[in-house]
Amino acid sequence: MSEEFKVEIVNPEKSYLSKEDVIEVVVPAFEGEMGILKDHISIISFLKPGIVTIHSKSGEDKFYVEDGIVEFKNNDLSILTSSIFNLNEIEKNKLQDLLKLAEEEASKSEANDQTKYLIDQKIEVLKSLN
Amino acid sequence: MASLDDLKKRIASVKSTQKITKAMKMVAAAKLRKAQESAEKGRPYSEKMNNIILNLSNGISDKENVSKLLSGTGNDKVHLCVVMTSDRGLCGGFNSNIIKKAKSYFSKISAEGKEFKIITVGSKGNDQLKRVYGEKIIENISFKESKNANYFDADKVGKMVIEKFEAGEFDVCTIFYNQFKNVITQIPQAQQIVPLNNVEDENTSDESYEFEPDEDEILSNLLPKNISTQIFKAMLENSASEQGSRMSAMDNATRNAGEMVDKLTIEYNRSRQAAITKELIEIISGAESL
């Protein structure tokens with residue numbers, strides 16, 4: 001039996017990525033990183049800012065996401081996100097811009113704990129990337 | 001009858017108008033292809049989002065404490081209508097169709113003795129509505145600067161709707177837009193987004209999900225996103241409809257201008273002929289009288 005499953009990443013504009021030969025996906029779920037293998041139980045969760053790693057037969061892809069929802073059902077993983085960047089293609093300046101944006105947000109927002117936590121996460125991840 | 005010179009000028013002016021409408025048609029056709037493409041590409045996202053919410057709301061354990069965005073406030077007094085139109089004119093009946101749909105909804109609501117408030121998206125809708133419903137319009141947004149419909153604009157509208165909902169300014173929210181069917185047909189739609197209507201129950205599975213964190217938290221996070229997504233979908237459909245509508249309107253205009261040029265040319269030739277005949281008669285009768 002093969003150990004592969006299907007993953008699809010969609011953002012509002014288009015279907016961003018679709019792969020059929022995926023072995024493992026690691027997503028930054030809200031309560032910690034989560035690795036998903038074939039025949040995982042059906043799950044819905046949402047994402048915090050972080051890195052999505054897709055291990056497939058054809059190699060490994062890494063993406064930076066700011067938010068999103070994951071749904072896994074019948075060996076079909078869908079990731080819905082409104083902001084996603086491929087780390088192989090993204091330019092350094094863009095990352096720095098994002099970091100700056102996040103820091104501004106952090107400095108001005110007197111938001112509740114949850115949003116604060118998300119922003120801190122974002123900054124941390126971006127710093128580690130830069 | 002108009003003089004030869006006048007006719008000539010009119011023919012020239014109709015011809016140049018025809019050139020403009022033709023050019024606009026070409027531009028609309030090119031934009032339409034792009035808009036249609038992005039409308040189609042945007043569909044999976046909103047569909048998936050809908051599915052997840054459907055699965056979630058079925059699996060939810062505590063129906064009482066569920067987010068108000070899903071269940072409604074329990075009241076049905078104040079309706080918020082988000083009327084989405086274009087920023088540019090010359091697109092046939094595109095804007096009027098939406099306005100017509102919205103107006104009939106307004107009168108239905110007022111007949112039931114309920115209140116309504118209006119948010120207009122796009123300047124054309126605002127222009128048409130403010131004459132009659134000026135005092136009902138609480139907000140007007142226009143995205144003239146953005147070339148294509150993008151998610152951030154939709155998110156802005158969505159956040160505004162949610163803010164107003166949380167402030168208790170309305171109970172029911174409906175968006176008005178044109179659904180793109182094909183180039184000639186666009187269907188004006190009224191879609192209720194708050195509270196969410198769970199109508200399509202047929203394709204839900206009984207499969208239970210594991211949730212992390214729990215359902216309520218996911219739902220309360222997801223529902224605001226869903227509103228932005230629905231608005232974004234409406235924007236995409238709208239922009240495809242707008243281009244389609246403009247294309248067929250400009251196609252008609254070009255054809256009409258062609259007909260007009262033909263008619264004017266016949267008239268021009270006829271009066272030219274008449275003038276020549278008249279001059280000839282004058283010369284001949286002059287020669288005869290000698």
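1. Start where the two chains meet strand to strand. A:Ile43 stands opposite B:Glu210, a residue of strand E6 of chain B. This belongs to a pairing in which E4(A) and E6(B), residues 210-212, run parallel and are joined by 3 bridges. Keep in mind as you look that this is a predicted model.

2. Now widen the view to the whole contact between the chains. On each side there are 21 residues: 21 of chain A are in contact with 21 of chain B. On the chain A side, the elements giving two or more residues are strands E2 (15-29), E4 (43-47), E7 (68-73) and E8 (76-80). Which of them gives the largest share? That is E4(A), with 4 residues. By class, the chain A side has 10 nonpolar, 6 polar and 5 charged residues.

3. On to chain B by itself. The domain assignment splits chain B into domain 1 (4-21 + 250-289) and domain 2 (38-201 + 210-248). Taken over C-alpha atoms, the centres of domain 1 and domain 2 of chain B are 52 Å apart.

4. Next, the sheet in chain B. It is an open sheet of 5 strands with mixed pairing, in the order E3-E2-E1-E4-E5. Strands E3 (137-141) and E5 (186-194) of chain B stand at the edges; each has a single partner strand, so one side of each lacks a neighbour in the sheet. On average, neighbouring strands here are turned by 20° against each other, ignoring direction.

5. One pair from that sheet is worth tracing. Strand E4 of chain B (residues 172-180) and E5(B) run antiparallel, with 8 bridges joining them. If you want a spot to find by eye, B:Thr174 stands opposite B:Gln192 in E5(B).

6. A helix lies over this sheet, too. Helix H3 of chain B (residues 94-111) lies across strands E1 (78-84), E2 (115-121), E4 and E5 of chain B, and runs at about 150° to E4(B).

7. Last, a pair of helices. How do H5 (residues 151-166) and H6 (residues 215-289) of chain B cross? Their axes come within 8 Å and cross at roughly 130°, which means H5(B) is oblique to H6(B). The crossing of H5(B) and H6(B) is right-handed. In H5(B), the residues involved include B:Tyr151, B:Val157 and B:Ile162, while those they meet in H6(B) include B:Pro224, B:Phe232 and B:Met235. Sorted by class, the residues of this H5(B)-H6(B) contact are 10 nonpolar, 2 polar and 1 charged.

Key. Residues numbered from 1 in each chain as written. Chains lettered and ligands numbered in written order. Predicted model: local features only at pLDDT ≥ 70, side-chain atom pairs only at ≥ 80, totals over all residues. Domains from an automatic or database assignment. Axes fitted to C-alpha atoms, helices over the stretch in contact; angles between N-to-C directions. Parallel < 35°, antiparallel > 145°, perpendicular 65-115°, else oblique. Left-handed = near helix turned anticlockwise from the far one by under 90°. Contact = placed C-beta atoms within 7 Å. Nonpolar A, V, L, I, M, F, W, Y, C, P; charged D, E, K, R; others polar. Pairing = 2+ DSSP bridges.
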